[in-house]
Amino acid sequence: MSKRIRAVVAAGIVAALGMIVVPSANAQVAFPKRAKQVKFWLARAMDPCTPGSLSVLGAGVPGTGCFQTNTVTDGTTTMRYGKIVIGKNGRIALSGAGFTFGDVFRVRLQLRITKQGLTTKNPTGSNKNVTFADQAVDCPPSPSAFTVRPNGSIATHTDLATCLAPYSGLAGGATAAQPNNIEIVDASLVSVLTGKIIARPGILR
């Protein structure tokens with residue numbers, strides 16, 4: 001490549017970079033206009049797999065895998081189906097069937113919450129969007145829990161503000177025009193009796 005061509009290419013790159021808008025550290029992206037509810041059907045939780053010597057035969061599947069194990073996840077609790085619904089009003093509902101009478105559960109959530117319209121210091125500011133550290137919460141918090149009915153079903157609820165205590169202000173916006181942006185980074189159903197994860201959001205096909 002000649003010096004002249006290299007110079008033209010370099011000039012073009014510089015010009016293109018000059019057109020790139022680098023966002024400010026204090027830039028505030030718009031929240032979505034609507035996110036009314038999140039609903040999770042639950043699939044059974046399994047231990048993660050680090051493929052080793054196990055070879056798998058079959059069309060359309062990876063050639064290696066692991067036998068199903070439930071060492072770090074729960075392998076004893078029965079379950080026909082389960083569902084978690086979290087509403088815009090902060091209500092967290094758990095329903096399901098096929099469990100064992102006497103089983104005790106909590107819904108475990110990892111939340112990343114951004115709250116609008118806050119005042120800050122160091123540096124000072126007003127009407128700022130602030131994202132807080134991820135909150136890992138059990139719903140309902142200890143010592144409360146969800147207990148399976150004698151017929152093996154469960155249908156009960158709690159609320160997000162209770163789960164987030166003492167930071168209940170993260171549960172919802174002050175007004176409909178200033179909502180909190182609540183990301184559900186992870187969700188699971190946990191056995192209080194074993195401390196192990198029973199199920200995670202998923203599908204059965």
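**Fold, disulfides and the surroundings of Gln135**

Read along the sequence, the protein chain runs α-β-β-β-β-β-β-β-β-α-β-β. The model is predicted. Its secondary structure comes to two helices and ten strands. The chain has 205 residues, and 27% of them count as buried. About 13500 Å² of the protein chain is exposed, with 57% of that area supplied by carbon and sulfur atoms. Among contacts in the chain with a separation of 6 or more, residues 24 or more positions apart account for 65%.

Two disulfides were counted. One of them is formed by Cys49 and Cys66, with the sulfur atoms 2.1 Å apart. Cys49 and Cys66 each lie in the loop between strand 1 and strand 2, so this pair ties together parts 17 residues apart in sequence. The torsion about the S-S bond of Cys49 and Cys66 is about 75 degrees, so the disulfide is right-handed. Cys49 is partly exposed, with a relative accessible area of 38%. Cys66 is also partly exposed, at 36%.

A disulfide also joins Cys139 to Cys163, with an S to S distance of 2.3 Å. This pair links distant parts of the chain: Cys139 belongs to strand 6, Cys163 belongs to helix 2 (residues 160-164), and the two are 24 residues apart. Both Cys139 and Cys163 are buried. With the bonded cysteines of the protein chain numbered in sequence order, the pairing is 1-2, 3-4.

Strand 6 was then followed residue by residue. In a regular strand, side chains alternate between the two faces of the sheet. Strand 6 shows this alternation. The side chains of Gln135, Val137 and Cys139 point to one face and are buried. Those of Ala136 and Asp138 point to the other face and are not buried. Strand 6 pairs with strand 4 (residues 104-120) in the antiparallel sense, over five bridges. Within this pairing, Ala136 of strand 6 is the bridge partner of Gln110.

Gln135 is found in strand 6, which spans residues 135-139. Its relative accessible area is 19%; the cut-off for buried is under 20%, so Gln135 counts as buried. A polar atom of the Gln135 side chain lies 3.3 Å from the backbone oxygen of Ala133. Leaving aside residues up to four places away in sequence, Gln135 touches Leu109, Gln110, Leu111, Leu164, Tyr167 and Leu170. Gln110 thus appears both as a contact of Gln135 and as the bridge partner of Ala136. One of the other contacts, Leu164, falls in helix 2, the helix that also holds Cys163.

Aromatic pairs were examined last. A pair of aromatic rings is described by the distance of the centres and the angle of the planes. The structure holds two such pairs. In one of them, the rings of Trp41 and Tyr81 have centres 6.0 Å apart and planes at 50 degrees, so the pair is tilted. Trp41 lies in strand 1 (residues 37-44) and Tyr81 in strand 2 (residues 81-87), so the pair ties together parts 40 residues apart in sequence. Trp41 is partly exposed, with a relative accessible area of 45%. Tyr81 is partly exposed as well, at 35%.

Definitions and conventions:
Residues numbered from 1 in each chain as written. Predicted model: local features only at pLDDT ≥ 70, side-chain atom pairs only at ≥ 80, totals over all residues. Heavy atoms only, no water. Helix = DSSP H or I, 4+ residues; strand = E, 2+ residues; numbered from the N terminus. Buried < 20%, exposed > 50% of the residue type's maximum accessible area, 1.4 Å probe, protein only. Polar contact = N/O pair within 3.5 Å; in protein donor to acceptor, adjacent residues only side chain to side chain. Contact = heavy atoms within 4.5 Å. Pairing = 2+ DSSP bridges. Phe/Tyr/Trp six-rings, centres within 6.5 Å; stacked < 30°, edge-to-face > 60°. Disulfide = S-S within 2.5 Å. Areas by Shrake-Rupley, 256 points an atom, 1.4 Å probe, with all protein chains shown as cover.
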